[in-house]
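Me: I'd like to learn how to read a protein model feature by feature. Can you walk me through one?

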Amino acid sequence: MTVRVRLQRWAMRTTNRVAVALHRGSGGSIGGTIKGLPVLLLTAPGRRTGVSRTVPIVYFEHDGGYLVVNSVGGSPVAPAWFANARAASRVRVEIGRESFDAEVTVPDAAGNDHLWQDVVLPRAPFFATYQSKAHGRTLRVALLTPLHE
């Protein structure tokens, strides 16, 4: 791994830690939106390590749940949180001061395309730019459905 890649990873982890701390500390009033879209905190265990990590993610309310996209601003590499959440099938979600467990559902290709076209792009057209920057990687969506305890 090159020094540049290590520095990029360190910078991303540090930025996420600060964003999560600010979001939690302010109940979402700091870091609760990005580009006018609401942000939730998603906590999932790592697939290999089992260590839980929390990341801030833009979401779209949909059918009583929350739709999230593995866009990373159009990065050609999918984010680890998406694969971790998919593998776990159950994650912890924080929105403002509310916290709950949620089931993770990743739709098939047709379902992904439907949600992309009918939910994501109408509410955030700039996500089309993310898709074009992703160098052929299809941006995937996941639905987080709150579990009632």
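What follows is a short dialogue on the fold, the cores, the pocket and some single residues of this model.

Me: Before anything else, what kind of model is this?

Reply: It's a predicted model, so read what I say as computed from predicted coordinates.

Me: Okay. How many helices and strands does the protein chain have, and what pattern do they follow along the sequence?

Reply: Start with the inventory, then the order. Here the protein chain has 4 helices and 7 strands. Going along the sequence, they come as α-β-β-β-β-α-β-β-α-α-β.

Me: What does the radius of gyration say about the protein chain?

Reply: The idea is to set the value against what a compact globule with that number of residues would have. For 149 residues that reference is near 15 Å, and the protein chain has 15 Å, so the two agree. As for extents, the C-alpha trace spans about 40 × 40 × 30 Å along its principal axes.

Me: And what share of the residues is buried?

Reply: You count residues under the 20% accessibility cut-off. In the protein chain, 42% of the 149 residues count as buried. Contacts are worth a look too: among those between residues at least 6 apart in sequence, 62% join residues at least 24 apart.

Me: Why look for nonpolar cores at all?

Reply: Because nonpolar side chains tend to be buried together in soluble globular proteins. In this model the largest nonpolar core has 20 residues, and Leu40, Leu42, Val68, Val91, Val93 and Leu144 are those with the most contacts inside it. At least two residues of this core come from each of β2, β3, β4 (65–69), α2, β5 (90–95), β6 (98–105) and β7 (141–146). There's another core apart from it, with 18 residues, including Val39, Val58, Leu139 and Val141.

Me: Let's zoom in on one core residue. What does Val93 touch?

Reply: For this kind of list, leave out sequence neighbours up to four places away. Val93 then touches Leu40, Leu41, Glu98, Ser99, Phe100, Ala102 and Leu144.

Me: Leu41 is in that list. Is Leu41 buried or exposed?

Reply: Leu41 counts as buried because its relative accessible area is 0%. Leu41 lies in strand β2, and beyond four places in sequence it touches Val20, His23, Arg24, Thr54, Val55, Pro56, Arg92, Val93 and Glu94. Sequence separation and distance in space are two separate readings, by the way: Leu41 and Trp10 are 31 residues apart in sequence and 19 Å apart C-alpha to C-alpha.

Me: Got another pair to try that on?

Reply: Sure, two of them. Val106 and Val68 are 38 residues apart in sequence, with 9.9 Å between their C-alpha atoms. Arg17 and Arg53 are 36 residues apart along the chain, and their C-alpha atoms are separated by 9.5 Å.

Me: Where do Val106 and Arg17 sit?

Reply: Val106 is in the loop between β6 and α3 (109–123). Its contacts beyond four places in sequence are Phe82, Arg86, Arg140, Val141 and Ala142. Arg17 belongs to helix α1 and counts as exposed, because its relative accessibility is 55%.

Me: Now the bit I'd dock into. How big is the largest pocket, and what lines it?

Reply: Read volume, lining and composition in turn. The largest pocket has a volume of about 1,800 Å³. Its lining has 45 residues, with Met12, Asn16, Pro79, Ala80 and Trp81 lying nearest the centre. Two or more lining residues come from each of α1 (3–26), β2 (37–45), β3 (52–62), α2 (80–88) and α4 (127–133). The largest share, 11 residues, is from α1. By class, the lining has 24 nonpolar, 14 polar and 7 charged residues.

Me: Is Asn84 buried or exposed?

Reply: Asn84 has a relative accessible area of 12%, so it counts as buried. Asn84 is found in helix α2 and touches Ala44, Pro45, Gly46 and Arg47, again leaving out residues up to four places away.

Me: Last one: which residues other than glycine have a positive phi?

Reply: Backbone angles are read residue by residue, so I'll give you two cases. Asp63 has phi near 50°, and His135 has phi of about 55°. Asp63 sits in the loop between β3 and β4, while His135 lies in the loop between α4 and β7. Asp63 counts as exposed, at 69% relative accessibility, and His135 is exposed too, at 67%.

Definitions and conventions: Residues are numbered from 1 along each chain as its sequence is written. This is a predicted model: local features need pLDDT of at least 70, side-chain atom pairs count only at pLDDT 80 or more; totals for chains, interfaces and linings use all residues. Side-chain values use heavy atoms; hydrogens and water are left out. On a 1 Å grid over the protein atoms alone, a cavity is a set of points where a 1.4 Å probe fits but cannot get out, and a pocket is an open set with protein on both sides within 12 Å along at least five of seven lines; lining residues have an atom within 4 Å of a point. Grid points are joined across faces, edges and corners, and a volume is the space filled by probe spheres set on the points. Ala, Val, Leu, Ile, Met, Phe, Trp, Tyr, Cys and Pro count as nonpolar, Asp, Glu, Lys and Arg as charged, and the others, Gly among them, as polar. A nonpolar core is a set of buried Ala, Val, Leu, Ile, Met, Phe, Trp, Tyr and Cys residues joined through side-chain atoms within 4.5 Å. Buried means under 20% relative accessible area, exposed over 50%, partly exposed in between (1.4 Å probe, protein chains only). Contact means heavy atoms within 4.5 Å. The radius of gyration is taken over C-alpha atoms; the globule rule is 2.2 Å times the number of residues to the power 0.38.
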